[in-house]
Amino acid sequence: MRRIVLFLAAALLVAGADTARAQMVTAGLQGGLNMATADVKGSIFTGDVGTRTGFHLGVMAKTDITPYFAVRVDVFYSQKGFSEGSGDIALDVNFVEIPIYFVIQIPGTIQPYLLLGAVLGLQTSCNVSSGNQQNIPCDEITTLPSTKGADSGLMFGLGAATKLGPGSIFADAIYNYGLTDISEPSIDVDSIKTRTFYLSLGYMFSVGNTSQ
């Protein structure tokens, strides 16, 4: 967790350190589909967990350091967790997530790019279902998984953008490999680490230019 915090802090410093060199600042809206599951361990899990389908929705900002390199920050609401699958427990846990990416991009009419970064998530809600117990708030249960309230992970993805009207439309495919054990200590649950795939569409527009 400490390494993730330090990584995010360093990325923020890079984003704002040399504004005189920045060519363009863009901001926009984004949203799309989440396909979430988790790496789970513990005696309470009687089978493999399944995928929870949800969504994410939020904002983004990107600073171009050079035509080929940028730093991007997103803030979005995100639905994560897992379904019962072949077991008997489902977890619906939602976050406000703040990923920070290093962006490697190729200028052009259609601009492809690579996203590499890290993410912090702050939990907004959590419910567990098992058998006839449906949508029980995590803080009201003792025999089913409960969560700590935060998450962190590494983000890897690909995207592309193209001009449309006054701004650009973009599409991303991103994988979030969770590093934090989000489960509270329990005799029945050893660990829960999130795994989430995002398919996202968005629209961004220029909010400023700076000469070198």
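This report walks through the fold, the cores and the largest pocket of a predicted model.

## Overall layout

Start with the parts list: the protein has one helix and nine strands. Reading from the N terminus, the order is α-β-β-β-β-β-β-β-β-β, so the helix leads and the strands follow.

Of the protein's 212 residues, 44% count as buried. Take the contacts between residues at least 6 apart in sequence: 69% of them join residues at least 24 apart. On the outside, the protein exposes about 10300 Å², with carbon and sulfur atoms supplying 63% of that area.

## Two nonpolar cores

The largest nonpolar core holds 16 residues, and those with the most contacts inside it are Val 40, Phe 45, Phe 82, Leu 91, Val 93 and Ile 192. Strands S1 (24-41), S4 (90-105) and S5 (110-130) each give this core at least two residues. S4 makes the largest contribution, with three.

Val 40 is a handy place to zoom in. Setting aside neighbours within four places in sequence, Val 40 touches Phe 45, Val 49, Phe 82, Ser 191 and Ile 192. There's also a second, separate core of 14 residues, with Val 103, Val 119, Met 155 and Ala 161 among them.

## The largest pocket

Now for the open space: the largest pocket encloses about 360 Å³. It is lined by 20 residues, and Met 24, Asp 64, Gln 111, Lys 163 and Ser 168 sit closest to its centre.

What classes of residue make up the lining of the largest pocket? It has 10 polar, seven nonpolar and three charged residues. Strands S1 (24-41), S2 (52-66), S7 (150-164), S8 (167-178) and S9 (191-209) each supply at least two lining residues.

Definitions and conventions
Residues are numbered from 1 along each chain as its sequence is written. This is a predicted model: local features need pLDDT of at least 70, side-chain atom pairs count only at pLDDT 80 or more; totals for chains, interfaces and linings use all residues. Side-chain values use heavy atoms; hydrogens and water are left out. On a 1 Å grid over the protein atoms alone, a cavity is a set of points where a 1.4 Å probe fits but cannot get out, and a pocket is an open set with protein on both sides within 12 Å along at least five of seven lines; lining residues have an atom within 4 Å of a point. Grid points are joined across faces, edges and corners, and a volume is the space filled by probe spheres set on the points. Helices (H or I, at least four residues) and strands (E, at least two) are DSSP runs, numbered from the N terminus. Ala, Val, Leu, Ile, Met, Phe, Trp, Tyr, Cys and Pro count as nonpolar, Asp, Glu, Lys and Arg as charged, and the others, Gly among them, as polar. A nonpolar core is a set of buried Ala, Val, Leu, Ile, Met, Phe, Trp, Tyr and Cys residues joined through side-chain atoms within 4.5 Å. Buried means under 20% relative accessible area, exposed over 50%, partly exposed in between (1.4 Å probe, protein chains only). Contact means heavy atoms within 4.5 Å. Accessible areas come from the Shrake-Rupley method with a 1.4 Å probe; for residues, only the protein chains shown count as cover.
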